[in-house]
Amino acid sequence: MNFKQKMPKQFFITGRCFPKLHYMADVSKKLEQALRMVESGDYFIINRPRQYGKTTMLYSLAESLRNSGDYIVLNSSFEGIGDVIFDSEEKFSAGFMRLMDKYSKVHSPQLLPLIKKNAKKVKDLDTLSDFITEFVNQTDKKIVLLIDEVDKSSNNQLFVSFLAMLRNKYLEREEEKTFHSVVLAGVHDVKTLKLKLRPDAEQKYNSPWNIAAEFKIDMNLQVPEIKPMLDEYVADKGVQMDTQHIAEQLFYYTSGYPFLVSKLCKMLDEDFLPEKKENTWTQVDVEKAAKQLITENNTNFESLVKNIENNKELYDFVYKIAVDNETFPFNVNNPIINLGVMYGIFTNRNGVVIHNRIYREVLLDYMSVRVLQTHLTKSDLGSGYKNEDGSLNMEAVLLGFQSFMKKEYNKKDRDFLERNGRLVFLAFIKPIINGSGYDFKEPQISEEKRLDVVITHLKEKYVAELKLWRGAKAHDKGLIQLSEYLTAQNLSEGYLIIFDHSEIKNWQSEWIETPDKKIFAVWV
């Protein structure tokens, strides 16, 4: 291989993106907003979930500021530095001086003599503070400090004390020069950290970073930002696609979560396209890639699961929203909601919702596997759910599920089944369609708290609605809503599972005919 030859661009998901190497969404407007914050002298933190474009944003900030000629930018990361640097103020100060030396060699060599002269004098945070003032006084340029991956040290009291030192200098900046702007990046918002006066002291209620400006920039990728990336890809590769429509489909499944957008594009380019006869991306391709992604294991999904497993309150809250389709007003001051937002699980869309369709599917699949492992056995899954031509017999599926629920519905399991009926159905149907189909769940905000399961099996599509029994009036209204949804899906038949928590059950099943639809319903 000729290494001087220009390497082809790719979709990238494992670190900082470079415009010359990677297809990137057009986030120029987001960068302009961040630059204005720096130019205004703001101190702030970009606290967003993992793989949300924080590192790329920091490096883009650094490059733009340096190119302007008005700034000296010191940027580093706490990733991989180990805990030794936080053992003492002396080690931390020495590490910070190495950072200054490293970046001055490249970008501001005129400041190197000052750094070398003071390297051995800086022994603690007080002398480091004095050096920062002297360093800033040596240049007419504005000095900006950028630090990535601050979570690696956010539980370290020395780092908190370092933030407090920067805060104090910021508050006294009219009398004593300091950094023009400081930008931190990490998952957690360091404004929530507290300062201890000594190891055994109680935490103070004022944050060492309470001077930080609020970072309000929406880091989710919007359709107009995704489309230019696809346009560039089409121009490079000659792939045929309606880039506007594909951008909309990518957003539909991801809600603009940067990792998920890039991951789907990478799958479509590297996995799906080589297997196709046509050099195209279609809506069906995006749908299949999304479903395949849900079944895969990656560090992003591992973190998603770990975060709910490590906090029972968060797990239960996710369950209420994802499975029970309960609604809650969005209040970021609620600790559990705030935690879910920080991890990228929740967002605000007229209330708390799961951030994107892919995450909701991953969470539902994970929770249904728990049910499958503890309450369903292979004998429960049975057979006879396929027609002679291999298509899915949904009437048989619903009757089989009803039979299973009736068999298990005793005093021992009743409470469990009533609390987890929807998950039990999702666990029940998963092995039936496994390998030959897939399903997506669409929660509907309504009086009956519907959950529509859209199943694609072979070339056929089926819609099964799951809802709680709320009385005849709500039931009739729900039939109209289901009929309208079937029309939107271009289907003439639908399926309905009604979870009836009455003391006496009739376990009935029937075909219900509306003016233009047929709906098979079972009560469980």
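## Cavities, a pocket and aromatic contacts

The lining of the second largest cavity is made up of five nonpolar, one polar and two charged residues. In this count Ala, Val, Leu, Ile, Met, Phe, Trp, Tyr, Cys and Pro are nonpolar, Asp, Glu, Lys and Arg are charged, and the others, Gly among them, are polar. The model is a predicted one, in which local features need pLDDT of at least 70 and side-chain atom pairs count only at pLDDT 80 or more, while totals for chains, interfaces and linings use all residues. Residues are numbered from 1 along each chain as its sequence is written, and side-chain values use heavy atoms, with hydrogens and water left out.

Let us stay with the cavities for a moment. A cavity is a set of points, on a 1 Å grid over the protein atoms alone, where a 1.4 Å probe fits but cannot get out; a pocket is an open set with protein on both sides within 12 Å along at least five of seven lines; and lining residues have an atom within 4 Å of a point. Grid points are joined across faces, edges and corners, and a volume is the space filled by probe spheres set on the points. Searching the whole structure gives two cavities of 30 Å³ or more, and the table puts them side by side.

| Cavity | Volume | Lining residues |
|---|---|---|
| Largest | about 50 Å³ | Thr55, Leu58, Tyr59, Asn75, Ser76, Asp148 |
| Second largest | about 40 Å³ | Met405, Tyr409, Leu417, Glu418, Phe499, His501, Lys505, Val524 |

Which elements surround the largest cavity with at least two residues each? They are helix 2 and strand 2 (71-77), where helices (H or I, at least four residues) and strands (E, at least two) are DSSP runs numbered from the N terminus. Helix 2 gives the most, with three residues. By class, the lining of the largest cavity holds two nonpolar, three polar and one charged residues.

Helix 2 turns up again in the second largest pocket, whose volume is about 1100 Å³. Of the 41 residues that line this pocket, Gly15, Arg16, Cys17, Gly53 and Thr56 are the closest to its centre. Helix 2 (54-68) supplies at least two lining residues, as do helix 1 (28-39), helix 7 (223-237), helix 9 (258-272) and helix 11 (299-309). The most come from helix 2, with seven residues. Sorted by class, the pocket lining has 19 nonpolar, twelve polar and ten charged residues.

Cys17, one of the residues closest to the pocket centre, counts as buried because its relative accessibility is 16%; buried means under 20% relative accessible area, exposed over 50%, and partly exposed in between (1.4 Å probe, protein chains only). Cys265 is also buried, at 0%. The structure holds zero disulfides, a disulfide being a pair of cysteine sulfur atoms within 2.5 Å.

Now to the rings. There are 27 aromatic pairs in the structure, where rings of Phe, Tyr and Trp (its six-membered ring) pair if their centres lie within 6.5 Å, with planes under 30 degrees apart counted as stacked, over 60 as edge-to-face and the rest as tilted. One pair joins Tyr253 and Phe440: their ring centres are 5.2 Å apart and their planes stand at 50°, so the pair is tilted. Because Tyr253 lies in helix 8 (residues 243-254) and Phe440 in strand 7 (residues 437-444), this pair ties together parts that are 187 residues apart in sequence. Tyr253 is buried at 6%, and Phe440 is buried at 7%. Elsewhere, Tyr385, Phe401, Phe404, Phe425, Phe428 and Phe499 form one aromatic cluster, and Phe499 also lines the second largest cavity.

Two arginines sit over tyrosine rings. A charge sits over a ring if NZ of Lys or CZ of Arg is within 6 Å of the ring centre and within 35 degrees of the ring normal. Arg173 has its charged end over the ring of Tyr170, 3.9 Å from the centre, and Arg357 lies over the face of Tyr252, 3.7 Å from the ring centre.

A few loop residues round off the tour. Val122, in the loop between helix 4 (112-118) and helix 5 (125-137), is buried at 4%. Its C-alpha atom is 6.4 Å from that of Ser93, a residue 29 positions away along the chain.

Most residues other than glycine have a negative phi. Glu149, though not a glycine, has a positive phi of about 55°; Glu149 lies in the loop between strand 3 (142-148) and helix 6 (157-171) and is buried at 17%. Asn350 has a positive phi near 55° and is found in the loop between strand 5 (346-348) and strand 6 (352-354). Is Asn350 buried or exposed? Asn350 is exposed, with a relative accessible area of 89%.
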